[in-house]
Amino acid sequence: MNTSHQRPVVLCLSGHDPSGGAGLQADIEALMAQGCHAAPTVTALTVQNSIDVSNFRVLDDAWVKAQAHAVLADIAISGVKLGMLGSADMVQTILDILQPLQVPIVCDPVLRAGGGGALGRDEVGYAIRERLLPIAAIATPNLPEARILAELPDGSPEQCAEKLRPYCQNLLITGGHGDEKLVHNRLYLRDGTSKTFTCERLPGHYHGSGCTLASALAGRLALGEDVLTAAENALAYTWKTLRDADRPGAGQYFPRRLPLDFCA
């Protein structure tokens with residue numbers, strides 16, 4: 001039975017992961033779990049699995065713009081989630097698409113796959129920093145990505161944040177790549193304050209955790225939550241997806257973004 005209730009729609013611009021662990025499939029599942037609808041625009045095709053990425057191809061400008069503009073001409077969107085872009089030229093393509101929009105944008109600067117493989121040259125990170133971070137409501141790099149963006153190869157989260165804050169409205173540097181007993185996720189707000197969220201470090205390595213977090217955050221912002229509340233809820237949701245993760249291949253675990261009884 002149709003109802004008048006409309007789910008918030010989030011435009012997702014990212015790459016396709018054929019294993020389904022990360023990329024646009026992760027975006028779709030995480031947004032569904034927040035009660036939102038994902039409108040996925042493919043920016044790149046990858047060759048990857050649960051172990052690592054071996055190759056990728058960035059789509060051409062016209063195809064990416066055509067996908068996004070078809071959606072925008074028909075559907076009112078409430079938010080945007082950015083993932084893998086793959087080239088500096090694609091960064092400019094995305095900027096052209098987004099500049100007219102007045103909705104919260106979450107930028108997940110995907111520069112490395114979970115297995116360590118590069119998903120673009122470092123120049124992509126610099127282009128993201130200069131062109132996309134200033135228009136995003138929040139950026140969500142992990143510490144290795146924050147170091148690339150800040151050009152600080154051995155920088156601490158605080159040092160990276162100090163370098164990146166002039167480019168960002170809000171910044172969430174995630175701590176999943178450390179080895180401390182507790183994971184420290186550090187949120188730096190536009191008013192100069194900061195808040196650290198801690199959670200238990202789970203065993204194993206995970207494929208698509210960054211995509212999951214950024215998409216959940218985009219969904220919470222699209223639902224009208226403020227940045228602090230949205231970050232707290234998105235982090236809590238992401239931790240649960242990792243706690244319940246499974247391992248379909250020989251490599252990393254995949255977050256379980258939807259409950260087993262979702263279709264019951």
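1. Let me start with a pairing in the sheet: Leu-11 has Ala-39 in β2 as its bridge partner. That belongs to a longer match, with β1 and strand β2 (residues 37-48) running parallel over eight bridges. Bear in mind while reading that this is a predicted model.

2. β1 also pairs with strand β4 (residues 79-82), again in the parallel sense, through four bridges. Here Leu-13 of the pairing finds its bridge partner in Leu-82 of β4.

3. How enclosed is strand β1 (residues 9-16) by the rest of the structure? Largely, because seven of its eight residues are buried.

4. On the connection: β1, α1 and β2 together form a β-α-β unit, and its hand is right. If you trace the path on screen, helix α1 covers residues 23-33.

5. Within that helix, have a look at Asp-27. Is Asp-27 buried or exposed? Its relative accessibility is 0%, and buried means under 20%, so Asp-27 counts as buried.

6. What does the side chain of Asp-27 meet in there? A polar contact of 2.6 Å links it to the side chain of Ser-215. Setting aside neighbours within four places in sequence, the residues in contact with Asp-27 are Cys-12, Ser-14, Ala-38, Lys-81, Cys-211 and Ser-215. Put those against the strand ranges: β1 spans residues 9-16, β2 spans residues 37-48, and β4 spans residues 79-82.

7. Moving on to the second largest pocket, it holds about 150 Å³ of space. Its lining is made up of Leu-143, Pro-144, Arg-147, Pro-157, Ile-173, Thr-174, Gly-175, His-177, Gly-178, Glu-180, His-184 and Arg-186. Two or more of the lining residues come from each of α5 (143-150) and β8 (182-188).

8. Which element gives the most to that lining? It is α5, with three residues.

9. α5 itself is mostly covered, with six of its eight residues buried. Those six are Leu-143, Glu-145, Ala-146, Ile-148, Leu-149 and Ala-150. Leu-143, then, is buried and also one of the residues lining the pocket.

10. Both ends of α5 deserve a glance. At the N-terminal end, Asn-142 acts as the cap, with a side-chain oxygen 2.9 Å from the backbone nitrogen of Glu-145. After the helix comes Glu-151, which has a positive phi, near 55°.

How values were computed:
Residues are numbered from 1 along each chain as its sequence is written. This is a predicted model: local features need pLDDT of at least 70, side-chain atom pairs count only at pLDDT 80 or more; totals for chains, interfaces and linings use all residues. Side-chain values use heavy atoms; hydrogens and water are left out. Buried means under 20% relative accessible area, exposed over 50%, partly exposed in between (1.4 Å probe, protein chains only). A polar contact is a pair of N or O atoms within 3.5 Å; within protein, one must be able to donate a hydrogen and the other to accept it, and residues adjacent in sequence count only if both atoms are side-chain atoms. Contact means heavy atoms within 4.5 Å. Two strands pair if DSSP finds at least two bridges between them. A crossover is right-handed if, with the strands pointing away from the viewer, the path from the first strand over the helix to the second runs clockwise. On a 1 Å grid over the protein atoms alone, a cavity is a set of points where a 1.4 Å probe fits but cannot get out, and a pocket is an open set with protein on both sides within 12 Å along at least five of seven lines; lining residues have an atom within 4 Å of a point. Grid points are joined across faces, edges and corners, and a volume is the space filled by probe spheres set on the points.
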